[in-house]
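Hi everyone, thanks for coming. Please have a look at the structure on the screen, and then we'll walk through a few spots together.

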Amino acid sequence: MDEKILNTDDHLKEVNLTPADFEPVIRTKKTLQTTRVSIGFWEDVRRRFKKSKRAIFSCAVLGLIILICTLGPVVSGYSADDGNLKEKNLSPSFSHFFGTDELGRDIFTRVCKGGRVSLIIAIVGAAIDMSIGLIYGGASAYAGGRTDTIMMRIVEILSSIPYLITAILISLIFGKGIFSIIIAMTITGWCFTARLVRGQVLQIKNQDFILAARALGTSSFKIILKHLLPNTVSIMIIALTFDIPSFIFGEAFLSYIGLGIQPPYTSWGVLASEAQKTMLFFPYQLFFPALFISMTILSLQIIGDALRDAMDPHLRKYK
């Protein structure tokens, strides 16, 4: 026993251990990152998304636009429809932030009210597109064979119909307004989403966990609902961030050519259409609606790009 103790003491002397070597390790953020266990998919997406300064700035800009559209009329103190001919075509000032139009109406208030209509149409239309495309594309891919071929041919036929012709026909049947715009933009808009979902489901429907569910006697409806569709959430979120800008631009375009929102309602497209008549004399009347349209679409596009990069499994890095 004494020889063993002496050998141990000699060994400690050889490695030059000191009392400081036996002090407890203080866990810091740096040490935790180097010794961390693998994290979940959504947590990794959140961390990688936060690294994109452009995406964070775009989220702040988009949040500011939504806040302005929500609280703007309260701050300005003016009505969007009541005008004062004594104050028509005034330049931007502290009393009228964006100036006034040819009827003396406050442009800032009208931009805020028009933004509400444009955003509501975009969100509702995108939700309809996502719902129809998700169900149709998932069912087509899961069925496969001749059923998939027929369903995809229907999608190709609908996609080949010119967008403007569809909008004109819908406006003639249902009249002009919010309802007509949503129908005109969603009647063929879901086709792109259906193709995305179909491609995603085709990749995963023959994987082991799907085959195991089939072997256990799980119904096709439950397999689609509980296994296939949840695995398309990431691609659906990305598609949503690109679908909303297309609806905003589509509504603005239809309203600009007179097929969209009609009085007493207003939107960013209506404001741009009204301002183009006096654009050479009062350019600010067109500038502010166009600015809000551009900033909203650009912010959503940047956010969509950042989400696509964050959710790409080939770009995932653990540092």
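Let's start with W268, which is buried, with a relative accessible area of 0%. Keep in mind that this is a predicted model. Which residue forms an aromatic pair with W268? The partner is F292, and the two rings sit 5.9 Å apart, centre to centre, with 50° between their planes. Rings count as edge-to-face over 60 degrees and as stacked under 30, so this pair is called tilted. F292 counts as buried too, at 8% relative accessibility.

Now find those two along the chain. W268 belongs to helix α13, residues 268–275, while F292 belongs to helix α14, residues 284–311. They are 24 residues apart, and the pair links distant parts of the chain.

For another pair, look at F282 and Y284. Their ring centres are 6.3 Å apart and the planes meet at 75°, so this one is edge-to-face. Are these two residues buried or exposed? F282 is partly exposed, with a relative accessible area of 24%, whereas Y284 is buried at 13%.

How many aromatic pairs does a search of the whole structure find? The search finds nine. There is also an aromatic cluster to look for: F97, F98, F108, W268, F287, F288 and F292 form it together. You'll recognise W268 and F292 in that list.

Let's stay in helix α14 for a moment, where we find Q285. Q285 counts as buried, at 7% relative accessibility. What does its side chain make a polar contact with? The answer is the side chain of T278, at 3.2 Å. Leaving aside residues up to four places away in sequence, Q285 touches several others, among them N89, D101, L271 and A275.

My last stop is helix α4, residues 53–76. Here's a little sum to follow: at 1.5 Å a residue, its 24 residues should span 34 Å, and the C-alpha atoms at its ends are 32 Å apart, so the two values agree. Where does α4 have a kink? Go to T70: a kink of about 45° lies there, shortly before the proline P73. P73 is one of the buried residues of α4, which also include A55, V61, I65 and C69. Right after the helix comes G77, with a positive phi near 80°.

That's my tour, so thanks for listening!

Notes:
Residues numbered from 1 in each chain as written. Predicted model: local features only at pLDDT ≥ 70, side-chain atom pairs only at ≥ 80, totals over all residues. Heavy atoms only, no water. Phe/Tyr/Trp six-rings, centres within 6.5 Å; stacked < 30°, edge-to-face > 60°. Helix = DSSP H or I, 4+ residues; strand = E, 2+ residues; numbered from the N terminus. Buried < 20%, exposed > 50% of the residue type's maximum accessible area, 1.4 Å probe, protein only. Polar contact = N/O pair within 3.5 Å; in protein donor to acceptor, adjacent residues only side chain to side chain. Contact = heavy atoms within 4.5 Å. Expected span 1.5 Å × (residues − 1). Bend = angle between axes of the 7 residues up to and from the residue.
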